[in-house]
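Subject: Handover of a protein model

Dear colleague,

Please find below the sequence and the structure that I am passing on to you. My notes follow, and I would ask you to read them with the structure open.

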Amino acid sequence: MKIKNIISVILTGIMALSFVGCVNENNTANQNSGGASIPDVEINIPKEKNIYNLKQEVKSGVYEGTCELVKNKYFIAQNKTAYKIVIPTNATSNENLAANELQALLRESTGITLSIVGEDDVSSSDKIISLGQTKQFLATKESIAYDEYRRSGYRVFTKNDNVFISGAKESQAYGTLYGAYEFLSQTLNYECYSQYCYVIDKVTALPFYEMNITIIPQMESRALSYMWVNKDPVYQNRMMLVNRYENQTDWVLDGHSNLKILPYETYGAEHPDWYMNAQAGNKNQLCLTNQEMYVEYVKRVKELIEDNPKGVYFMLANMDNSDYCTCSDCFAEIERCMNVGGYNMAFVNKVADEVGAWLKENYPDRIITFVTYAYLATYAAPVVENEDGTYSAYCEDVIPRDNVAVMIAPIHLDYAAPITADSNLVYWKDFEKWSSIIDKMFLYDYGYPYWDGFTFMNDFASMAENIRYFAEKGCIFYYNNTLSSTASTWYYDLRTYLRAKLTFCPYLDLEELIDDFFENYFLEANEPMREILEELRTWFTYLREEERAYVNCSSTYWKGNSKYWPRALQASLYDCIDRAYAAVEKYKTEDKALYDYLYKRIRIIELGIDYHEMEFYSAYYSDEGYDKLYNAFVEDVALCQILKENENAQSTWYLKFKK
Ligand SMILES: [Zn+2]
C-alpha cells in the first residue's frame, strides 16, 4: 500500500457565515450572476475532519483529500436542485444502497429529494452526483481498480460542477457506499454513532464543495460480533462494517473448515487414512500429507466456490483442537516446514496454487483470498530469528502465496494493556514473527470476557494502540469477537463505534472519538456518563498495576469478588447516574421518543452497577428495597436486551439474585 501524506481539509471561504446566493431561471442553484437575486442564505460549515487532519505519518492505507467550499455555487438552494443521483445500468446492490442512502439522508437534511436515474437517462443539462463507475465517471478518465482500492476504498471528487463517488466496481466492494457517507460527512457533518443515533445538519441550502478525496483503509473488511450491529444491516453499513456470520455470503466457508470440506461422515468409513485418530470423529484433524485426500480436498474446494458465487474469502483451516496428524509422512513434513504452523501453511499454499490457477482459467472475475488459522497447534510461525533480531521464513513453502492470508487469533492477549506491554511480550513476538512472512493478515480479535459480561474489561487501554499495530503489520481483515447473542452493560454502543472508527482509520484519536460520541449520544447527560467511564478506567488501571489484574477474554478470577467492586465506587457511579437522569428529565415532556432512547442508554449502564449491588451489597437493603431493585433490574435487562450474563448463560440467569 502506498504511503501518502495527509493533506488538511481546506475550508477556504468559510469565514463568511452567510452570503448572497443566486438562482437562475431554471431555478438551478449556481453562480449565474444574471439570475434573480435571493435573500441571504445561511450556509453550512462542516467541521474539520480528523481523517484528513492527522498529525502523525500514516503508515498504512491512504487517507488524504481536500474539500473546499465554493462561493455562490449550490447543490441545493431555494428548495431546488439541479442535481440528480446517477447509478450504473447494472448497479451492484451496494451501489443501489449508496443511492438510496444518499437520497434519504439528503432529504432528511434539506427536505429536497434528488431523483435517482440510470446512466443512460442523464441529459446534457443535468448536474449529477454519480455513484459507481457510470459512463459519466468513465468519461473523467479516472480509474479505480479493485487491486488497489479493494473492498472499502473510494474516491470522491468533483469535476465541472459534478460529483463523482466511486469505489471498485466489483460486487463485493463497498467503496461507493462508503464514499456516499463521506460526501455527507464532508458537506453536512453526517455521523452515525449507534443504531438509533446519528447526526446530520438540517439546512435550507447546501453549498457546493470542490472535493478531491481518496480513502483506502488498510483493513479492507471490518466485522464486529456485537449483536445490534449484526442484526441491522443499515446500522452495519453506516458503521462501514461487514457481517461475518449472518448472511454469510462473504465467506465460501468460514471457521474450522477442514472437516466441513471433507466431512468424516462422508469419507471416514472408506478413507480412514485421510484422518488422524479416526475415532475422534469431528474433533479430528486431516492427515495433510495424504495425496488421495489432497485430490478430493481440491475438488471439493472448487465445488464449494461454484456453489457460493458471492464468496470472497475461503477458510482452509484446522479444527478447533490442538491435535495434528503425526503419521510418519506428516512428521517428516512438520520437520521440513519447521513446525505445525509451517506444515499447515505448505498445505494451504499447495491448494491455493492449484485452485487459484483453476479460478484464473474458469472464473477470471472472482478474486478469492484463502485464509488459514494461526491458532492452537498452528499458532507458532515457521520463521527463524536472524542475528540482527529480524526473522526469515524457514523455507520457501511456508511463505503464504499472494492469494493466501493468515488469521491470527491472540486469545490469551491481556487487553488491559497494549500488545507492546511486558505482559503481552510473548504474543507480540508471535505477531512480529508472522508478519515477517505474511502480506495479508486476518485478525480474530477479542472484545469481552466471555464468562462475565458484567465485568468492566478495560480494553480502552489497548484498543487504539492494538488496532494501529495490527494495521501496520498488514492486517486487511479485522474481526472482533465478543458476546454476540446479547447486549451488555458497559458502553456497548461506544465500543462498537470506537472499533468501527479505529479499524477504518487507525490514526484517529481515541479520546477525541470518545468525546464526540458522548456529546452526541448522551446529549445533556454527557458529563456524568463520561465520569462513570473515567472512574472505571482509572479503577481498573489501578487494579491492573497494583493487583496484576490482567484481563484476557477468558479471565474469571474477579467473579464473585467484592474487592473489585467496592461500595464507595458503587455509590460514586450511582451519583453520576442520578445526575444523568436529571440532565435529560426535560425530554420526558419535550420529546418523549428521544427521552426513551436516552433512558435506555443510561439505564443499560446503571444495570451494570445494579448487578454488583445485588451480588455484593444486598445486606444494605430492606426486603422491600431489594425487591424493588431486583424487579426493576429484571424488567430492564429485557428492555436493554441484556439477554445473558455470559455466552453460556441460561435465559433466566438473573434468578440467582431473587430473594
Ligand atoms: Zn498424516
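In these notes, helices (H or I, at least four residues) and strands (E, at least two) are DSSP runs, numbered from the N terminus. On that basis, the protein contains 20 helices and 21 strands. Please keep in mind that this is a predicted model.

**The protein overall**

The protein has 659 residues, of which 44% are buried. Among contacts with a separation of 6 or more, 73% join residues that are 24 or more positions apart.

**The seven-stranded sheet**

In what order do the strands of the open sheet run? The order is β13-β21-β20-β19-β16-β15-β14, and the pairing is parallel. The edges are taken by β13 (221-224) and β14 (251-253); each has a single partner strand, so one side of each is left without a neighbour in the sheet. From one strand to the next, the twist averages 20 degrees.

At one of these edges, β13 pairs with strand β21 (residues 475-481) in the parallel sense, over four bridges. Within this pairing, Arg222 has Tyr478 in β21 as its bridge partner. Helix α14 (residues 492-504) packs on the sheet, where it touches β13 and β21, and its direction makes about 165 degrees with that of β13.

Strand β19 (residues 404-408) deserves separate attention. Five of its five residues are buried, so β19 is largely enclosed by the rest of the structure. Both of its faces are covered: Val404, Val406 and Ile408 lie on one side, Ala405 and Met407 on the other, and all are buried. Which strands pair with β19? One is strand β16 (residues 369-374), joined to β19 in the parallel sense over five bridges; here Val371 stands opposite Ala405. Another is strand β20 (residues 441-446), which pairs with β19 in the parallel sense over three bridges; in this case Met407 stands opposite Phe442.

**Two helix pairs**

Two packed helices are described by the angle between their axes and the distance between the axes.

The pair α14 and α15 packs at an angle of about 135 degrees, with the axes 10 Å apart. An angle between 115 and 145 degrees falls outside the parallel, perpendicular and antiparallel ranges, and α14 and α15 are therefore oblique to each other. The crossing of α14 past α15 is right-handed. On the α14 side, the residues that meet α15 are Asp493, Leu494, Tyr497, Leu498 and Lys501; on the α15 side they are Leu510, Leu513, Phe517 and Tyr521. By class, this contact of α14 with α15 comprises seven nonpolar, no polar and two charged residues.

For α16 and α17, the axes come within 8 Å and cross at roughly 160 degrees. Angles over 145 degrees count as roughly antiparallel, and this description therefore applies to α16 and α17. Their crossing is left-handed. From α16, the contact uses Pro528, Met529, Glu531, Ile532, Glu535 and Trp539; from α17, it uses Leu569, Ser572, Leu573, Cys576, Arg579, Ala580 and Ala583. The contact of α16 with α17 has nine nonpolar, one polar and three charged residues.

**Two residues in loops**

Ala525 is placed in the loop between α15 (510-521) and α16. Is Ala525 buried or exposed? Ala525 is buried, because 23 other C-beta atoms lie within 10 Å, and 20 or more are required. Apart from neighbours within four places in sequence, Ala525 is in contact with Ala580, Ala583, Val584, Leu598 and Ile602. Of these, Ala580 and Ala583 also belong to the contact between α16 and α17. Ile602 is 77 residues from Ala525 in sequence, yet the two are 8.4 Å apart in space, C-alpha to C-alpha.

Ser555 is found in the loop between α16 (526-547) and α17 (567-584). How many C-beta neighbours does Ser555 have inside 10 Å? The number is 20, and Ser555 therefore counts as buried. Ser555 and Tyr448 are separated by 107 residues in sequence and by 9.7 Å in space, C-alpha to C-alpha.

With kind regards

Conventions
Residues numbered from 1 in each chain as written. Predicted model: local features only at pLDDT ≥ 70, side-chain atom pairs only at ≥ 80, totals over all residues. Buried ≥ 20, exposed ≤ 12 C-beta atoms within 10 Å, placed from the backbone. Pairing = 2+ DSSP bridges. Axes fitted to C-alpha atoms, helices over the stretch in contact; angles between N-to-C directions. Contact = placed C-beta atoms within 7 Å. Parallel < 35°, antiparallel > 145°, perpendicular 65-115°, else oblique. Left-handed = near helix turned anticlockwise from the far one by under 90°. Nonpolar A, V, L, I, M, F, W, Y, C, P; charged D, E, K, R; others polar.
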